[in-house]
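Trainee: Could you take me through a single part of this structure in some detail? I would like to follow one strand and its surroundings, and then hear about the ligand.

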Amino acid sequence: MNSTKPILVISSGAGISTESGIRTFRDADGLWENYPVMDVASADGFRRNPELVHQFYNERRHQLIKAKPNDAHRILAELEKDYDVYVITQNVDDLHERAGSSRVLHLHGELMKIRSVSDPDYIESLDIEHLDTTPSTRGKRGDLMRPHIVFFQEPVPLIEEAARIVSEADIFVVIGTSLVVYPAAGLLQCVRPGTPIYYIDPNPASTGGVANVTVIKKGASEGLRELVSILEKGK
Ligand code: OAD
């Protein structure tokens, strides 16, 4: 991080993709696109019914390729002109990248990738013509493959890198997350003392006594427009 630009670190959750037509998790009473979250997003659920889990992520991929980045994703990409922007997202969609953000860390995996069942470091990208996988899908090396999703009950391999990035932030912005899933929610505790924090969410959760938090109680794109004008005034 050798640059003269201030470091702006974003922690995004499902709410940033709402305006692109992708539903959040907990706004729908624990259902994610009509499935109980733990059936389709946990290691136990995957063991119990791998067919269902593959089918669920196949559906999500077909939905994702039709979705487009929204203004919130675009504003974050544009902020790279003035800031070193690091996006740490809990989302498995690729809308930040498609909007032009260049540094995106996916804490919970990526929908458009699959990984080896036996070797978590062996990952392949899916192409748009071959979005569907089953429990018998094999990768180019011959391994059985699974969705590249960090399920509940599994470790989050990128959390240490994310914590380091947050600890170097000059400004930290949390957008569209209910702050209930750990360790992602704990990133708030990794900021250096005195760092300004903004939390954009129409229905914000408690930030548990963390200092310097300005809550912007708005949807992602409207809230980000407000943040940009706050940052402009502070220059
Ligand atoms: P949640 O569904 O828990 O929370 C979504 C948040 O988005 C809520 O706080 C809403 O108020 C907010 N929201 C709704 N509409 C919004 C809008 N237009 N603009 C901004 N915010 C809006 O989603 P996450 O916190 O992202 O993990 O969930 C965390 C993890 O739980 C996910 O990554 C996923 C899930 O199980 C895995 O799949 C491993």
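Mentor: Happy to; we will go from one strand to its sheet and then to the ligand. Keep in mind that this is a predicted model.

Let's start with strand S9, which covers residues 171-175. Five of its five residues are buried, so S9 is largely enclosed by the rest of the structure. For burial, the cut-off is under 20% relative accessible area. You can check both faces of the strand in your viewer. On one side sit Ile-171, Val-173 and Ile-175, and on the other Phe-172 and Val-174; all of these are buried, and both faces of S9 are covered.

Next, look at the strands that pair with S9. Strand S1, residues 7-12, runs parallel to S9, and five bridges join the two. To find the register, take Leu-8, whose bridge partner in S9 is Ile-171. Another pair to pick out is Ile-10, standing opposite Val-173 in S9. Strand S10, residues 197-200, is also paired with S9 in the parallel sense, here over four bridges. In this case Phe-172 has Ile-197 of S10 as its bridge partner. Ile-171 and Val-173, which we met on one face of S9, thus turn up again in the pairing with S1: Ile-171 with Leu-8, and Val-173 with Ile-10.

Now step back to the whole sheet. Six strands make up an open sheet with parallel pairing, and their order is S5-S4-S1-S9-S10-S11. At the edges stand S5 (104-106) and S11 (213-216); each has a single partner strand, so one side of each is left without a neighbour in the sheet. From one strand to the next, the twist averages 15°.

Finally, the ligand. It is surrounded by 23 residues, and the closest are Phe-25, Arg-26, Thr-177, Ser-178 and Asp-201. This shell divides into eight nonpolar, 11 polar and four charged residues. Asp-201 deserves a look of its own: one of its polar side-chain atoms lies 2.6 Å from an oxygen atom of the ligand. The backbone takes part too, with a polar backbone atom of Ala-14 at 2.8 Å from a ligand oxygen atom. For a ligand nitrogen atom, turn to Ala-220, where a polar backbone atom is 2.9 Å away. Taken alone, the ligand exposes 790 Å², and the protein buries 94% of that.

Technical notes:
Residues are numbered from 1 along each chain as its sequence is written. This is a predicted model: local features need pLDDT of at least 70, side-chain atom pairs count only at pLDDT 80 or more; totals for chains, interfaces and linings use all residues. Side-chain values use heavy atoms; hydrogens and water are left out. A residue is near a molecule or strand if one of its heavy atoms lies within 4 Å of it. A polar contact is a pair of N or O atoms within 3.5 Å; within protein, one must be able to donate a hydrogen and the other to accept it, and residues adjacent in sequence count only if both atoms are side-chain atoms. Accessible areas come from the Shrake-Rupley method with a 1.4 Å probe; for residues, only the protein chains shown count as cover. Ala, Val, Leu, Ile, Met, Phe, Trp, Tyr, Cys and Pro count as nonpolar, Asp, Glu, Lys and Arg as charged, and the others, Gly among them, as polar. Buried means under 20% relative accessible area, exposed over 50%, partly exposed in between (1.4 Å probe, protein chains only). Two strands pair if DSSP finds at least two bridges between them. Axes are lines fitted to C-alpha atoms, for helices over the stretch in contact, and angles run from 0 to 180 degrees between N-to-C directions.
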